[in-house]
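Me: I am new to this structure and should be grateful for a close look at one of its helices. Please place that helix within the whole and explain what surrounds it.

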Amino acid sequence: MSSGTGADSAPAPNHHDDTRTTSLPRTQPKGGTFSSLRNRNYRLFAAGQVVSNTGTWMQRIAQDWLVLGLTGSSAAVGITTAMQFLPLLFLGLYGGVIADRLPKRRLLLVTQAAMGATGLFLAVLTLTGQVRVWHVYLTALVLGIVTVVDNPARQAFVVEMVGPADLRNAVSLNSANFQTARLVGPAVAGVLITAVGSGWAFLLNGLSFAAPIAGLLLMRTSELHKVDRAPRGKGQMREGLAYVAGRPELIWPIVLVGFIGTFGFNFPIWLTAYVNDVFHSDASTYGLLNTLMATGSLAGALLAARRGSSRMRLLVGAAAAFGLLEVAAALAPSFWAFALLLVPIGMCGLTINVTANSGLQMASDPALRGRVMSLFLMVFMGGTPLGAPLVGWITDTYGPRTGFVAGGAVSALAAAGVGLALARAGGLRLKIDLRPGRPHVAFVPRKPAEVTVAA
C-alpha cells in the first residue's frame with residue numbers, strides 16, 4: 001500500500017472565504033460497497049471493532065436495565081447517559097488536540113484497554129451483588145473520560161488505514177459494523193439479563209476489548225498512510241474553533257447534529273419508558289426494539305457505503321425525516337406500529353451520522369482533523385448530558401409519548417433552520433410554486449442583486 005505525506009494522503013482543505021460555498025467535497029471511491037476492506041490493516045481494525053461493539057451494546061442494554069431496576073426512574077437512566085457523555089461536553093476539544101499530536105494507533109491501544117477495564121470492574125460489582133446506582137454513574141463517567149480521547153483518535157485513524165479515496169466507504173462500513181453489532185448485542189443481552197442477570201453482559205463486554213487490541217498490534221505500520229501530526233503549541237483549541245467557524249461546510253453540519261444529538265437521540269430513555277410504562281414488558285422486548293432500530297441503521301450504512309459523495313441536501317433531508325418519524329412513532333397506536341417505525345428512524349439517524357462524519361473529514365485539513373472531529377463528537381454526543389436529564393424529566397412527568405414528540409419536533413425544526421441557513425450561505429432562496437406539474441417547493445439561485453445585498 002502506498003503512503004505519502006499528510007498533504008498527499010488527504011484532500012486539500014478549502015481555504016477560500018466565499019461563505020456561499022456549502023456543498024461537501026466529493027471523492028470517487030475505488031469501487032464497491034466493501035472497497036475499503038481491501039486494506040489488510042482496515043480488515044484487522046473492522047474485525048476487532050465488531051467484537052467489541054457487540055460487547056458494548058450488550059453493556060448498554062444491561063446498564064440501562066440495571067439502573068431502571070435499581071431506581072425505577074427514567075430520569076436515572078438519563079443521568080447515567082449524561083454521566084457517560086458529560087466529559088465530551090467539557091473536554092472534547094482537548095481530546096482532539098491530543099489525537100492530533102500523538103500517534104493514533106498507540107493512543108488507541110491505551111484507550112481500548114482502559115475501556116475494557118471499566119466493563120470488567122462493573123461485572124465484578126454486579127456479579128458479587130455489591131452494585132449500587134452510584135457505581136454505575138461512576139463507571140459511566142470514567143468511560144466517558146476515556147472516550148474523550150478514543151473517539152477523535154479512532155475517527156481520524158480511519159484515513160491513515162485506507163487513504164482518502166476509500167475514506168467515505170470506510171466511515172460507512174464502520175457504521176455498518178457498529179449496527180451489525182447492535183443487531184446481535186441487544187438480543188444477546190436481553191436473553192442474558194432475563195436468564196442470569198446483567199453481570200454476565202458486563203463481563204463479556206470487558207473481555208471483548210481483547211479483539212481490537214489484538215487487531216491494532218497485528219497491523220503493518222509500514223502500510224499506514226502518513227498524516228502530519230500537529231506540533232505542541234499554545235492556542236491549538238482556539239485554532240480549531242476558528243478554523244471551523246470560518247467554513248459553512250463545517251459549522252452548519254456540526255450545529256445540526258448538535259441539536260439532533262442533544263434532543264433526538266435519547267433512545268435509552270424513551271425505549272425503556274415505553275417498554276416499562278406503555279407496553280408493560282421486560283428486557284427481551286427492550287432488546288427487540290433496539291434490534292429493529294439497528295436493522296434500519298445497518299441498511300442505511302450499507303446504502304451510504306455505495307454513495308460516492310456527501311451532500312448537504314441529503315444531510316438536511318435525513319434530519320427532517322428523522323424528526324418527523326420520531327413524532328409519528330410517538331403517536332403510534334399499537335406496539336407493532338411503534339416498533340416498525342423504529343426501522344426507518346434508524347436508517348435516517350445513521351444517514352445523518354455518516355454524511356456529517358465523512359463530509360467533515362473530507363473537508364478538513366489533515367493537521368486539524370482530530371480537532372474538527374472532536375468538535376463534531378462533542379456536540380453530537382456531548383450534548384447528551386444537557387438533553388438527557390431534561391428529556392428524562394419530560395418523560396417521567398408527562399409520559400413517554402410527550403417526551404418522544406418533543407425530541408422529534410426539535411430535530412425537525414433544527415433541520416428546517418439549518419437548511420434555510422445553508423441555502424442563504426449558498427446564495428439560494430426558497431421558491432414556492434403551487435401550479436400543477438411544477439415542483440411546489442424548491443431552492444433556486446437568488447438574483448445577482450439579491451446576492452450582492454446579502455453579501
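Reply: Among the contacts in the chain with a separation of 6 or more, 85% are between residues 24 or more positions apart; contact here means heavy atoms within 4.5 Å. The model is a predicted one, in which local features need pLDDT of at least 70 and side-chain atom pairs count only at pLDDT 80 or more, while totals for chains, interfaces and linings use all residues. Residues are numbered from 1 along each chain as its sequence is written, and side-chain values use heavy atoms, with hydrogens and water left out.

The chain contains 18 helices and 2 strands, these being DSSP runs numbered from the N terminus (H or I over at least four residues for a helix, E over at least two for a strand). Of its 455 residues, 57% are buried; buried stands for under 20% relative accessible area and exposed for over 50%, with partly exposed in between (1.4 Å probe, protein chains only). The accessible surface amounts to about 18400 Å², and carbon and sulfur atoms hold 66% of it; the area comes from the Shrake-Rupley method with a 1.4 Å probe.

The helix chosen for the close look is helix 14, which covers residues 335-363. With 29 residues at 1.5 Å a residue, helix 14 should span 42 Å, and its end C-alpha atoms are indeed 42 Å apart; the expected figure is 1.5 Å times one less than the number of residues. Because 21 of these 29 residues are buried, helix 14 is largely enclosed by the rest of the structure.

Helix 14 also has a prominent place in the largest nonpolar core, to which it gives 13 residues, the largest share. Such a core is a set of buried Ala, Val, Leu, Ile, Met, Phe, Trp, Tyr and Cys residues joined through side-chain atoms within 4.5 Å. The core has 109 residues, and M161, L256, F338, I345, F376 and F404 are those with the most contacts inside it.

One residue of helix 14 shows its surroundings in detail. V354 belongs to this helix and counts as buried because its relative accessible area is 1%. Its C-alpha atom is separated by 7.5 Å from that of A301, although the two residues are 53 residues apart along the chain. When residues up to four places away in sequence are not counted, V354 touches R168, V171, S172, S175, A304 and G359.

Aromatic rings form a further part of the picture. The structure holds 17 aromatic pairs; rings of Phe, Tyr and Trp (its six-membered ring) pair if their centres lie within 6.5 Å, and planes under 30 degrees apart are stacked, over 60 edge-to-face, the rest tilted. In one of these pairs, F45 and F157 have ring centres 6.5 Å apart and planes at 65°, so the arrangement is edge-to-face. Since F45 lies in helix 2 and F157 in helix 5 (residues 133-162), this pair ties together parts that are 112 residues apart in sequence. F45 is buried at 5% relative accessibility, and F157 is buried at 0%.

A second pair joins Y274 and F404, whose ring centres are 6.1 Å apart and whose planes stand at 70°, so that pair is edge-to-face. Y274 lies in helix 11 (residues 267-278) and F404 in helix 17 (residues 400-425), so parts 130 residues apart in sequence are tied together here. Y274 is buried, with a relative accessible area of 0%, and F404 counts as buried at 0%. Both rings are members of a cluster that ring pairs link from F265, F267, W270, Y274, F279, F322, F335, W336, F338 and F404. F338 and F404 appear again among the residues with the most contacts inside the largest nonpolar core.

Two loop residues offer a contrast in exposure. S36, in the loop between helix 1 (6-9) and helix 2 (40-71), is buried at 0% relative accessibility. Beyond its neighbours within four places in sequence, S36 is in contact with Y42, V162, D166, N169, A170 and L173. H280, by comparison, sits in the loop between helix 11 and helix 12 (283-306) and is exposed, with a relative accessible area of 64%. H280 is not a glycine, yet it has a positive phi of about 50°.
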